Amino acid sequence: MNVQTPLNLLYPRVTEAFENAHMLPSEAYIDPDWYAREKAGIFGNAWVVVGRAEQIPNAGDYFTCHVTGQCVLLARGEDGQVRAFSPSCRHRGALIAEGEGNKRAFVCPYHRWTYGLDGSLIGAPGMDGHPNFDKADFPLAGISCAVWQGFIFINLSDTPSSLEDDLADLGPIVEPYRLGDMRLARTKTYTIKANWKSYIDNSIEAYHVASVHARSLQPVAPMSAWQCEPHEHFYLQWAEFAGTLGVLKGEEGFPPMPGFSLDQPARHILVTLLPNTVLTMTVDAIWWITLLPLDVNTSTLVVNHAFPVGTRERPDYEAIAERYFRRFDVVSQEDIEITEIQQRGITHGRRIPGLYQEQERLVHAFAGYVLRTLDRSGA
Amino acid sequence: MNVQTPLNLLYPRVTEAFENAHMLPSEAYIDPDWYAREKAGIFGNAWVVVGRAEQIPNAGDYFTCHVTGQCVLLARGEDGQVRAFSPSCRHRGALIAEGEGNKRAFVCPYHRWTYGLDGSLIGAPGMDGHPNFDKADFPLAGISCAVWQGFIFINLSDTPSSLEDDLADLGPIVEPYRLGDMRLARTKTYTIKANWKSYIDNSIEAYHVASVHARSLQPVAPMSAWQCEPHEHFYLQWAEFAGTLGVLKGEEGFPPMPGFSLDQPARHILVTLLPNTVLTMTVDAIWWITLLPLDVNTSTLVVNHAFPVGTRERPDYEAIAERYFRRFDVVSQEDIEITEIQQRGITHGRRIPGLYQEQERLVHAFAGYVLRTLDRSGA
Amino acid sequence: MNVQTPLNLLYPRVTEAFENAHMLPSEAYIDPDWYAREKAGIFGNAWVVVGRAEQIPNAGDYFTCHVTGQCVLLARGEDGQVRAFSPSCRHRGALIAEGEGNKRAFVCPYHRWTYGLDGSLIGAPGMDGHPNFDKADFPLAGISCAVWQGFIFINLSDTPSSLEDDLADLGPIVEPYRLGDMRLARTKTYTIKANWKSYIDNSIEAYHVASVHARSLQPVAPMSAWQCEPHEHFYLQWAEFAGTLGVLKGEEGFPPMPGFSLDQPARHILVTLLPNTVLTMTVDAIWWITLLPLDVNTSTLVVNHAFPVGTRERPDYEAIAERYFRRFDVVSQEDIEITEIQQRGITHGRRIPGLYQEQERLVHAFAGYVLRTLDRSGA
Ligand code: FES
Ligand code: FES
Ligand code: FES
């Protein structure tokens with residue numbers, strides 16, 4: 001692939017008006033070179049959700065995660081600030097932290113160089129006599145990090161955009177769901193044999209619900225009622241109906257949050273936080289999926305559920321929360337299967353990208369976002 | 001590898017006369033770039049045996065197969081015709097069929113676009129209002145397909161040669177075996193760690209029989225009696241002796257077909273259908289192996305046995321058929337082991353291709369076929 | 001990577017004086033292209049230890065090994081000479097030997113071409129009538145081979161240096177350990193997820209002992225006492241103290257060799273035989289590790305223990321030898337874990353190579369050796 005040719009010129013019909021637009025070419029889903037461009041041009045500049053602030057409430061709490069092969073350490077400092085680092089020792093590069101826990105400092109297991117919670121090097125055994133060595137020159141490499149409504153985002157770019165600005169218009173929209181008062185309840189990870197965009201495509205169109213989720217999601221809500229609206233940094237999908245999106249038909253969930261009722265129509269919202277997270281907000285819970293590519297045709301799907309603060313203290317918490325998890329597992333299994341069937345079809349088939357159906361307006365927007373972001377990044 | 005340099009110039013001794021000819025260079029068996037050329041230049045233009053017409057006798061019967069990464073759907077139409085398609089949905093590319101079965105139409109599992117048995121798009125939910133959409137523009141991509149003597153062949157080229165012409169001279173030769181009256185009895189698949197050509201090389205020379213098959217095949221037939229003859233699109237090997245090639249020495253098979261006897265010398269024939277199938281015809285059965293490369297050093301070996309129509313109805317069918325299968329399994333296991341030892345030797349050794357032994361005339365012909373086909377294809 | 005750019009110019013600080021020197025860049029440990037250069041430029045020219053002469057004491061004794069993908073056959077001839085060959089048959093390339101054993105000749109399993117213990121082709125069935133064939137033209141490809149102090153080395157280069165010259169200065173240094181009188185006791189192989197150089201780096205610095213081996217090696221010897229000295233073809237590390245390096249603290253080993261005592265301070269020596277072997281000599285035993293890369297981030301670690309001739313005949317041999325093996329297993333497990341943690345840190349982290357600690361002088365020397373050897377080789 002010639003990295004100089006703008007994709008917009010190679011595939012001009014992708015960004016045409018909806019009725020004339022063609023889908024992304026098959027290469028976008030199966031070509032390792034295309035993925036290499038996305039890794040640099042999309043994931044190298046994007047704000048990516050990696051967790052919740054309440055996961056690390058105290059000074060010294062930390063966890064690690066991976067974003068397109070980069071390991072990132074998130075830690076809360078003595079000053080209460082959440083920071084992100086590359087956990088590679090500045091001596092010979094060993095990992096100074098894996099998993100999660102609480103530490104007063106990060107001690108490298110190889111030769112005991114020691115880093116503070118703010119990433120500064122505070123100990124380096126036997127380096128005192130070195131004529132050119134100054135600890136101040138060897139902090140952990142920092143990674144941009146921001147917290148929005150309790151969500152921790154990282155950005156691998158050295159010159160990231162402002163997350164606050166990017167999501168400024170979203171604040172009022174999600175206000176009724178009091179996201180800052182949510183508490184993480186479960187994180188579950190799946191490895192899927194599909195391109196990360198296939199699962200995003202799937203999440204931003206309701207066209208597939210009647211067939212793929214005929215017995216799971218379709219009975220819960222009248223899918224034809226969904227509306228959508230693309231913004232620059234996020235997409236909205238919403239529908240108004242009475243009930244919760246969180247449990248399967250006929251099951252009882254937690255009571256709705258203040259301001260919501262199960263009997264009155266309420267607005268249920270899916271927010272796609274570009275490029276790779278889809279957050280669902282319903283009357284009694286939220287959950288969000290994040291797609292993290294491993295290679296062009298393998299991805300990690302991470303799903304997180306959160307309930308309003310205090311929910312976990314309920315005596316019936318375990319039994320009822322399980323219904324939300326099971327509902328998600330049933331529906332996501334259907335989506336995983338169909339996206340893997342799609343991946344096989346694109347990989348082993350002769351596909352000529354065609355036209356969109358009316359309910360695929362966000363798939364069209366997302367295809368344009370991918371092309372424009374790659375072209376703009378120069379990747 | 002410079003794709004502009006004709007291989008014939010790089011390896012001039014491969015195509016010299018038999019007594020001076022050198023074997024194919026090691027690259028032909030271990031270099032991923034060489035395999036990429038074969039995938040395009042040989043398998044992209046070849047007629048490849050993928051099954052038997054009697055596998056799908058009725059309208060709506062279908063099966064799928066893979067040829068060098070391409071999935072192919074074979075289906076019999078209402079008009080009795082066997083057709084081949086790429087089973088990738090013209091909407092977002094999902095596989096519309098896998099495995100085998102009988103269907104009235106192929107319904108995509110993602111959004112229910114529906115294709116007739118002739119590949120035409122006959123349903124596309126919710127696309128009616130689209131100003132630019134016409135179902136006639138979105139049939140399944142067709143793949144060339146032909147039936148010869150009951151064998152189904154496909155050809156991935158857009159401009160395939162005529163299979164009938166290619167095999168015109170072969171018809172009279174195989175006539176005594178009434179191939180059209182054969183019925184598929186068993187299909188078995190092995191994954192071998194060897195280049196596909198290694199197993200073809202093995203199948204077209206009798207030089208190895210005395211050592212590799214000393215206790216299995218060698219006692220069945222006087223291997224020195226074999227003769228061979230290369231044609232443009234197929235190779236012949238034959239020997240005349242009394243008995244069957246189908247079971248191990250001392251075992252009893254099915255009665256010979258009309259026109260054959262176990263007591264009288266008969267002609268036993270191996271036909272290599274270039275590039276990747278070797279069909280054996282003996283007095284009471286036929287079987288054919290097909291080599292389908294997965295990558296340069298991994299291949300799928302598919303073996304099919306067929307017996308004359310009516311054989312399966314015999315009360316002793318299971319017991320006797322099992323002898324044919326076991327005989328093949330014993331012999332092929334020996335060939336798989338030796339080709340894998342050869343693959344390891346070529347991969348990890350310093351090999352300088354040398355001269356052929358008298359019984360390797362078809363290996364020489366096949367090496368020339370590979371070089372000439374690649375050069376001609378421009379791959 | 002541009003193969004024309006000298007690495008010394010790309011990374012000028014690697015070869016600066018110790019106090020100013022930077023470590024090798026991360027690419028050296030994770031970039032497949034860098035490894036491809038090492039495979040050709042370092043392993044393609046190096047003398048590599050592959051075994052001991054006493055493993056194949058008699059004519060016809062042989063074993064095979066792999067060095068960066070090349071299979072090598074070592075065999076002792078009728079004349080008592082140890083020779084090395086590429087065990088790929090000169091006919092169609094099958095492996096003529098795997099594993100170890102004793103043979104009068106090597107018979108290819110495919111068509112029975114037969115090679116003498118000196119590699120000459122002595123039989124080729126059915127080739128007699130070939131007008132252009134002369135057995136003398138088809139010996140096994142020879143590989144350079146030398147024996148030094150009982151160690152068998154091979155060199156994949158066509159124009160190898162003189163091993164005797166390379167190690168001339170080492171002879172007097174190792175003389176007290178009577179290496180020629182050692183007898184191989186155990187060979188054990190580990191696959192590690194780390195670059196081969198990481199484990200060499202680990203073996204040539206004592207900086208990590210206090211942390212990584214706090215409870216295993218640290219109590220055995222005062223690590224601060226170690227001194228080191230780089231030579232062109234080998235490195236020396238040594239310390240003088242009473243006791244053995246061979247067993248864990250508190251365990252009893254074999255009696256010391258003549259000339260050594262457990263009560264008197266003795267010199268314990270580690271010799272790094274560049275590029276990939278580290279030999280440890282203590283008062284009662286020797287052992288050596290060899291790193292054989294499989295790819296840029298996967299290596300085989302082979303460890304061999306040897307004891308003085310006669311030790312194996314002791315009635316308490318099994319029980320005591322087991323202590324040496326266990327001691328090594330404990331310590332090497334700690335080193336494997338830390339080098340794998342280092343590999344993950346370099347692979348998934350943002351590492352900026354920094355300055356060395358005083359005890360890492362040989363790591364600095366080794367980094368310079370790698371760069372200079374690659375540049376000199378033109379690989
Ligand atoms: S690698 Fe971290 S202290 Fe040495
Ligand atoms: S992918 Fe087949 S109908 Fe949508
Ligand atoms: S490959 Fe060794 S004898 Fe034929």
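Okay, let's start with a question: in which helix of chain A is the place of Ala319(A)? That would be helix H8, which runs over residues 317–348. This is a predicted model, by the way, so keep that in mind throughout. Ala319(A) comes out as partly exposed, at 47% relative accessibility. And if you look for Gly253(A), you'll find its C-alpha 9.6 Å from that of Ala319(A), although 66 residues of sequence separate the two.

Let me zoom out to chain A as a whole. We've got 9 helices and 17 strands in there. The C-alpha trace of chain A spans about 70 × 60 × 35 Å along its principal axes. For the radius of gyration, a compact globule of 379 residues would be near 21 Å, and chain A has 22 Å, so the two agree. Of those 379 residues, 60% count as buried. Now take the contacts in chain A between residues at least 6 apart in sequence: 66% of them join residues at least 24 apart.

Next, the contact between chain A and chain C. Each side is easy to state: 32 residues from chain A and 32 residues from chain C. How much area is buried between chain A and chain C? About 2,600 Å², with carbon and sulfur atoms giving 50% of it. On the chain A side, Arg90(A), Arg92(A) and Tyr110(A) supply 26% of what chain A buries against chain C, more than any other three residues.

On to the polar side of things. There are 3 salt bridges between chain A and chain C. One of the residues I just named is in a salt bridge: Arg92(A) pairs with Glu360(C), and the closest N and O atoms are 2.5 Å apart. Across this interface we also get 22 residue pairs in polar contact, both residues at pLDDT 80 or more. As for which elements give two or more residues to the chain A side, those are strand S3 (70–76) and strand S9 (142–148) of chain A. That side divides into 15 nonpolar, 12 polar and 5 charged residues.

Now a couple of residues inside the other chains. Arg186(B) sits in strand S11 of chain B, residues 182–192. Is Arg186(B) buried or exposed? Buried: its relative accessible area is 17%, and the cut-off is under 20%. Its side chain makes a polar contact of 3.3 Å with the side chain of Asp329(B). Beyond residues up to four places away in sequence, Arg186(B) also touches Val303(B), Asn304(B), His305(B) and Phe325(B).

Over in chain C, Thr280(C) is in strand S15, residues 277–281. Thr280(C) is buried too, at 6% relative accessibility. Its contacts outside four places in sequence include Leu245(C), Ile269(C) and Trp287(C).

Last bit, the backbone. Leu274(B) and Pro275(B) are joined by a cis peptide bond, with omega about 10°. Pro275(B) is in the loop between strand S14 (266–273) and strand S15 (277–281) of chain B. In chain C, the bond from Leu274(C) to Pro275(C) is cis, with omega near 10°.

For positive phi outside glycine, take Thr68(C), near 40°. Thr68(C) is in the loop between strands S2 (61–67) and S3 (70–76) of chain C, and counts as buried at 9% relative accessibility. Arg178(C) has a positive phi of about 45°. You'll find Arg178(C) in the loop between helix H5 (170–174) and strand S11 (182–192) of chain C, partly exposed at 42%.

Technical notes. Residues numbered from 1 in each chain as written. Chains lettered and ligands numbered in written order. Heavy atoms only, no water. Contact = heavy atoms within 4.5 Å. Buried area = accessible area lost by both parts, 1.4 Å probe. Salt bridge = Lys/Arg side-chain N within 4 Å of Asp/Glu carboxyl O. Polar contact = N/O pair within 3.5 Å; in protein donor to acceptor, adjacent residues only side chain to side chain. Helix = DSSP H or I, 4+ residues; strand = E, 2+ residues; numbered from the N terminus. Nonpolar A, V, L, I, M, F, W, Y, C, P; charged D, E, K, R; others polar. Rg over C-alpha atoms; globule rule 2.2 N^0.38 Å. Buried < 20%, exposed > 50% of the residue type's maximum accessible area, 1.4 Å probe, protein only.
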